[in-house]
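Me: I should like a close look at one part of this protein, namely the sheet and the helices that pack around it. Please describe that part in connected prose and then set it against the rest of the chain.

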Amino acid sequence: MKAAYPASDQLSQLNAAQRALKIARHSPCAICDGSCSALHPPPGVEVVLDQQVTNESSLGDLGQYGSDADDDDDDVPYLQTCACGHDIRNHNADETELDPAEFARRTRVAIRLDELLHDVGQLLDFDYSDEDVVSLRRQMRIPVALVSPRRPTTSSPEQQPSSPASSDLSDPPQPPHKRRRISVSSLSDADDDDEEEDRPLAARMAVKSSARREKTSRPPASKRSGKTRSKATHKAQTAPTSIAPPTESEQAQMNGIVNGINGHVNGIKVEDLMDQSQLTRLAAGVTVDSGARASAGPPAKTEKIAVTELRRGVIQITPIENDSQPRSTVILAGLKTLFQKQLPNMPREYIARLVFDSNSRGLAIIKRGYKVVGGICFRPFPHRGFAEIVFFATASADQEKGYGGMLMDHFKAHIKTAYPGMMHFLTYADNYAVGYFEKQGFSKDITLDRSVWAAYIKDYEGGTIMQCTMLRKVDYLDKPDIIAQQQEAVMTKIRQMSKSHVIYPGLPQFQSGEPDGVTVEPKDVPGLRESGWTLKMTLDEARPAPRNGDTYYLERILKELQSHPQAWAFLVPVKAEEVPDYYDVITQPMDFQTMEHKLETNQYPSVDAFVADAQLVFDNCKSYNPETTIYHRNAIKVEKFLKDQLLDEIKREG
């Protein structure tokens with residue numbers, strides 16, 4: 001039995017059913033408990049492209065001559081059922097339950113996924129997966145509040161751009177910190193050079209030694225293959241056939257024990273680093289700092305990998321424009337490919353047109369020659385005093401290295417050098433990137449007069465326009481030193497006012513040899529009065545319990561529940577005037593707004609209490625509404641989403 005799958009990657013050529021099929025192919029089943037990650041054809045079903053059954057033969061219509069084929073391929077139906085037994089709608093592809101914008105967004109992501117599969121020749125392999133596919137498929141799970149900009153249009157004085165206040169994405173909830181920054185797909189393979197640098201010294205020397213031995217020992221002539229070696233190659237292989245064993249000092253360096261090369265000195269106890277006064281205080285039960293830091297300031301931060309690679313020459317940051325030079329063309333092509341993979345919601349042709357536009361400028365992070373691992377495309381308007389950031393992305397495999405922040409710092413420094421009078425940046429950020437741009441000094445408050453930038457920059461529906469204004473006195477490439485100076489100034493003021501360096505004698509009841517029953521009045525505790533304590537503090541009402549780690553975790557979970565595309569019916573309490581008999585049936589109502597109030601007032605003693613209220617929301621909905629209603633189905637989907645989130649947290653902690 002055959003089933004068809006749409007081959008077209010043009011949105012305009014796909015009807016609603018074909019779009020739903022593409023979405024379902026890359027979306028998990030909402031009914032199966034995590035066992036079905038995407039739509040798969042049932043056993044015995046052969047999937048073919050609809051192009052193969054609809055294209056006419058190049059010889060014309062041969063139907064008039066008849067056919068010996070047993071099967072009539074002209075009536076091949078589209079794939080409708082998954083191997084798990086559920087249909088397309090159960091794979092988060094029901095257009096009637098999704099917001100139109102969310103359905104369109106998922107369609108664009110699904111088309112981009114099909115393009116990636118087509119590029120590697122695996123479009124009909126429903127079991128195939130790689131790093132890029134897995135990364136993009138995560139976007140099929142995200143809520144509607146995290147939709148990227150939909151389509152670009154040119155703003156004009158007559159046609160005002162969509163303001164953040166009028167957009168349903170104007171002030172979305174921020175995603176949790178460990179999620180993505182700007183881009184979401186993993187693109188780069190493992191870097192061999194980086195792995196070589198991270199290896200221990202002994203391992204690198206052993207590899208180099210074995211490489212020398214392989215070069216000095218020639219294989220038999222009968223086993224050689226490939227090109228004949230030149231005379232120069234033979235001369236280069238005159239190294240000795242054996243290597244002398246390392247000396248004692250070399251062996252110590254290889255083992256990493258010289259001068260604490262690995263950050264510690266082997267065989268030295270913490271007590272050996274303390275002086276007599278510290279040992280005395282430690283014996284008396286007073287906590288001491290064995291590190292003996294000179295100042296009371298915070299410890300110095302370790303250098304980011306991106307900064308290290310830039311200093312070592314592993315990566316380079318270079319300005320780029322379309323000047324028709326071969327080097328520029330190669331780097332621009334790399335930028336185009338990076339943006340197309342990292343920004344799946346943007347049309348490929350639109351990205352290519354803007355990257356290669358002669359009016360566009362770029363800044364690229366290149367590694368090992370011309371491999372582009374990060375970049376920014378912008379359009380400068382020096383006569384207007386601002387620049388528009390069009391695209392900004394880094395390879396997802398390198399995002400943890402700090403490429404994004406470093407690239408933005410170099411971009412600001414480049415603008416101050418190349419365009420001295422241009423101090424403002426504008427960009428339409430998708431809601432994945434809002435948090436990142438805020439950390440880089442961007443704000444949703446647009447202080448630049450609209451008449452300056454209107455009709456000059458692109459409008460993106462669903463995006464958030466943000467502005468950054470540079471400071472002339474700040475050297476953005478020297479930010480760590482500037483921040484360190486500010487931090488040291490603050491710590492100096494704190495040390496002038498703090499009494500933490502004063503050590504008082506221990507309390508008598510804790511001294512050895514003292515009799516039992518010794519009491520001390522609080523006002524007589526050494527150092528307590530000096531800290532500002534008064535007896536009135538003990539008479540005041542008890543302060544609210546401090547927020548713990550569970551509270552922040554539950555706040556994040558609740559925000560994700562509130563932003564779920566199927567959670568619209570659970571956001572606020574049910575109105576009695578709209579559903580008169582609701583409170584006759586449901587005696588313990590609950591909703592996300594009430595849960596938010598309880599969370600803010602510390603009424604949840606544990607995670608289990610929070611989950612119990614969330615379960616009450618879903619149980620009430622399923623009890624009041626029949627199974628065939630959209631309310632009942634949405635309750636099942638949001639309930640499964642919550643369970644998946646809790647399961648992921650358990651796996652991370654375990």
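Reply: The account below begins with the model itself, proceeds to the sheet and its helices, and ends with the last two helices of the chain.

This is a predicted model, in which local features need pLDDT of at least 70 and side-chain atom pairs count only at pLDDT 80 or more, whereas totals for chains, interfaces and linings use all residues. Residues are numbered from 1 along each chain as its sequence is written, and side-chain values use heavy atoms, with hydrogens and water left out.

The protein chain has 22 helices and 10 strands; these are DSSP runs numbered from the N terminus, with helices (H or I) of at least four residues and strands (E) of at least two. Of its 654 residues, 38% count as buried, that is, under 20% relative accessible area with a 1.4 Å probe and protein chains only, while exposed means over 50% and partly exposed lies in between. Among contacts between residues at least 6 apart in sequence, 71% join residues at least 24 apart, a contact being heavy atoms within 4.5 Å.

The sheet is open and has six strands in the order S4-S5-S6-S7-S8-S10, with mixed pairing; two strands pair if DSSP finds at least two bridges between them. Strand S4 (315–320) and strand S10 (464–469) stand at the edges with a single partner strand each, so one side of each has no neighbour in the sheet. On average, neighbouring strands are turned by 25° against each other, direction ignored. Within the sheet, S6 (residues 371–381) and S7 (residues 386–394) are antiparallel partners over eight bridges, and phenylalanine 381 stands opposite phenylalanine 386 in S7.

Helices lie against this sheet. Helix H10 (residues 305–312) lies across S4 and strand S5 (361–367), and runs at about 80° to S4; axes are lines fitted to C-alpha atoms, for helices over the stretch in contact, and angles run from 0 to 180 degrees between N-to-C directions. Helix H12 packs on the sheet by touching S6 and S7, and its direction makes about 125° with that of S7.

H12 (residues 348–355) also packs with helix H11 (residues 326–342), at an angle of about 150° and with the axes 9 Å apart. From H11, the contact is made by Leu332, Leu335, Lys336, Phe339 and Gln340, and from H12 by Arg348, Ile351, Ala352 and Val355. By class, six of these residues are nonpolar, one is polar and two are charged.

The last two helices complete the picture. Helix H21 (residues 607–624) has 18 residues and should span 26 Å at 1.5 Å a residue, which agrees with the 26 Å between its end C-alpha atoms; the expected span is 1.5 Å times one less than the number of residues. Its buried residues include Phe610, Asp613 and Phe618. Helix H22 (residues 630–653) has 24 residues and reaches 35 Å from its first C-alpha to its last, close to the 34 Å expected.

Two charged residues may be set side by side here. Lysine 637 is found in H22 and counts as buried because its relative accessibility is 14%; it touches Ala30, Glu97 and Gln566, not counting residues up to four places away in sequence. Glutamate 627 lies in the loop between H21 and H22 and is exposed, with a relative accessible area of 64%. With residues up to four places away in sequence again left out, glutamate 627 touches His632 and Arg633.
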